[in-house]
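Got the model open in your viewer? Here is a short walk through it, one selection at a time.

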Amino acid sequence: MPPHTVLQGRVAVVTGSSRGLGLAMARVLGLHGAVVVLASRSDDGVAAAVGRLRLEGIAADGRRCDTGDPADVDALRDMALSRGTLDIWVNNAGTSGVYGPTASTPVDDFTRVVRTNILGTFHGARAALPVFLEQGHGDLVNLYGQGDRGPVAMQNAYASSKRWVRQFTETLRLETKGTGVRVHGMNPGLVETALLGKVTSQAGYEHRLGALQVVVGLWGQSADQAAQPILDLVTSDKAEYRFLTRRRLVTHGLHNILAGRLRRTNRMPLEVTVVDTDREP
Ligand SMILES: NC(=O)c1ccc[n+]([C@@H]2O[C@H](COP(=O)([O-])OP(=O)(O)OC[C@H]3O[C@@H](n4cnc5c(N)ncnc54)[C@H](OP(=O)(O)O)[C@@H]3O)[C@@H](O)[C@H]2O)c1
């Protein structure tokens, strides 16, 4: 039995939950009593994640779902409804683009980011909101990220997509005002997952990624730490959660320095794949 019951009787979907932050958020929701429905593009990845959560006493289910495909997303919604209800939907699935200038970004890479981060978020909202509106309650959480408040050079696809997610989320909040449905945005800060640890760079720009491990050493969190605020969001009217406030830049940075997280041996492993693009840097 989960140790806490505040979400008992609720069914929660978390997209992109075979690993990383999505899996950690599903665990938090499940440990507080929710039935959690997991998903990613990998059947094996979902099965393994569902198995891990069940071993921890969590009621978990899941299926393959590419959030870029609206039929997949609707099928995920229907799986959740087959568990009796749908109360929480977390649009977590996300991906980053190749690091480097926009002018030489491969078209298929930019499209891949848009398909998951933008269309995937729209597909999730479109699947969950009619159910929420019909029943007069429900919590939709969209994942923000670097760039949600302003431009980020060399990561235009990812950063612009997160700016879009913010605008989309704020618009949904206007459209659902007074309905009982709550729409939240969550920016977890820097989380030590594959998204940060396995990076692809355009040739000629990879040396600029050297600072990433230091930045993560200063302000990074584990997925389990970063996932905790999801509980507060889905049990409150809070519009937004943002980890990296000015105060935390100082306090968390100092804490990590004192904990020795900047030492080379303690840094997050970074795997950089370099790709040649068809234009010179
Ligand atoms: N890590 C950070 O520092 C950070 C910071 C701010 C915001 N975020 C946001 O947090 C979210 C989770 O990131 P993460 O760091 O946990 O990334 P991650 O470790 O790379 O995990 C991404 C998850 O999404 C799935 N996924 C990717 N594309 C998908 C698609 N088209 N359809 C369905 N599932 C898909 C992946 O599984 P498959 O590959 O098997 O599909 C995986 O389960 C993202 O929205 C990200 O932008 C992360």
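Before we click on anything, one cut-off: a residue is buried if 20 or more other C-beta atoms lie within 10 Å of its own, exposed if 12 or fewer, and partly exposed in between. Keep in mind too that this is a predicted model.

**Stop 1: Gly94.** Select Gly94, in the loop between β4 (88-91) and α4. Is Gly94 buried or exposed? It has 25 C-beta neighbours inside 10 Å, so Gly94 counts as buried. Leaving out residues up to four places away in sequence, Gly94 touches Gly16, Thr116, Asn117, Leu143 and Gly145. Now put a distance on Gly94 and Val114: they sit 20 residues apart in sequence, and C-alpha to C-alpha they are 9.6 Å apart in space.

**Stop 2: the ligand shell.** Stay with Gly94, as it is also one of the residues that come nearest to the ligand, together with Gly16, Gly20, Arg41 and Gly145, out of 31 around it. Which elements should you colour here? Try α1 (20-31), α4 (107-135), β7 (190-191) and α6 (194-197), each of which supplies at least two residues of the shell. Colouring the shell by residue type gives 10 nonpolar, 18 polar and 3 charged residues.

**Stop 3: helix α1.** Next, select α1 on its own. From first C-alpha to last, its 12 residues reach 17 Å, close to the 16 Å expected at 1.5 Å a residue. Of those 12 residues, 11 are buried, so α1 is largely enclosed by the rest of the structure. The buried set runs Gly20, Leu21, Gly22, Leu23, Ala24, Met25, Ala26, Arg27, Val28, Leu29 and Gly30. Step just past the end of α1 and you meet Gly33, with a positive phi of about 105°.

**Stop 4: Met154 and helix α5.** Jump to the loop between β5 (138-143) and α5 (156-175) and pick out Met154. Its phi is positive, about 75°, although Met154 is not a glycine. With 18 other C-beta atoms within 10 Å, Met154 is partly exposed.

Carry on into α5. How far apart are its end C-alpha atoms? They are 28 Å apart, which agrees with the 28 Å that 20 residues should span at 1.5 Å a residue. The buried residues of α5 are Ala157, Tyr158, Ala159, Ser160, Ser161, Lys162, Val165 and Thr169. Show α4, β5 and β6 (181-187) as well, since these are among what covers that buried set.

**Stop 5: α7 against α10.** Now select residues 212-219 for α7 and 246-258 for α10: the two helices pack at an angle of about 100°, with their axes 6 Å apart. That makes α7 and α10 roughly perpendicular to each other. For the contact itself, show Gly217, Leu218 and Trp219 on α7, then Leu249, His252, Gly253 and Asn256 on α10. These contact residues divide into 3 nonpolar and 4 polar, with no charged ones.

**Last stop: Glu271.** Finish at Glu271, in strand β11 (residues 271-275). Glu271 has 9 other C-beta atoms within 10 Å and is exposed. Setting aside neighbours within four places in sequence, Glu271 is in contact with Gly197 and Lys198. For a final distance, go back to Arg27 from the α1 stop: Glu271 and Arg27 are 244 residues apart in sequence and 27 Å apart in space, C-alpha to C-alpha.

Key: Residues numbered from 1 in each chain as written. Predicted model: local features only at pLDDT ≥ 70, side-chain atom pairs only at ≥ 80, totals over all residues. Near = placed C-beta within 6 Å. Helix = DSSP H or I, 4+ residues; strand = E, 2+ residues; numbered from the N terminus. Nonpolar A, V, L, I, M, F, W, Y, C, P; charged D, E, K, R; others polar. Axes fitted to C-alpha atoms, helices over the stretch in contact; angles between N-to-C directions. Parallel < 35°, antiparallel > 145°, perpendicular 65-115°, else oblique. Contact = placed C-beta atoms within 7 Å. Expected span 1.5 Å × (residues − 1).
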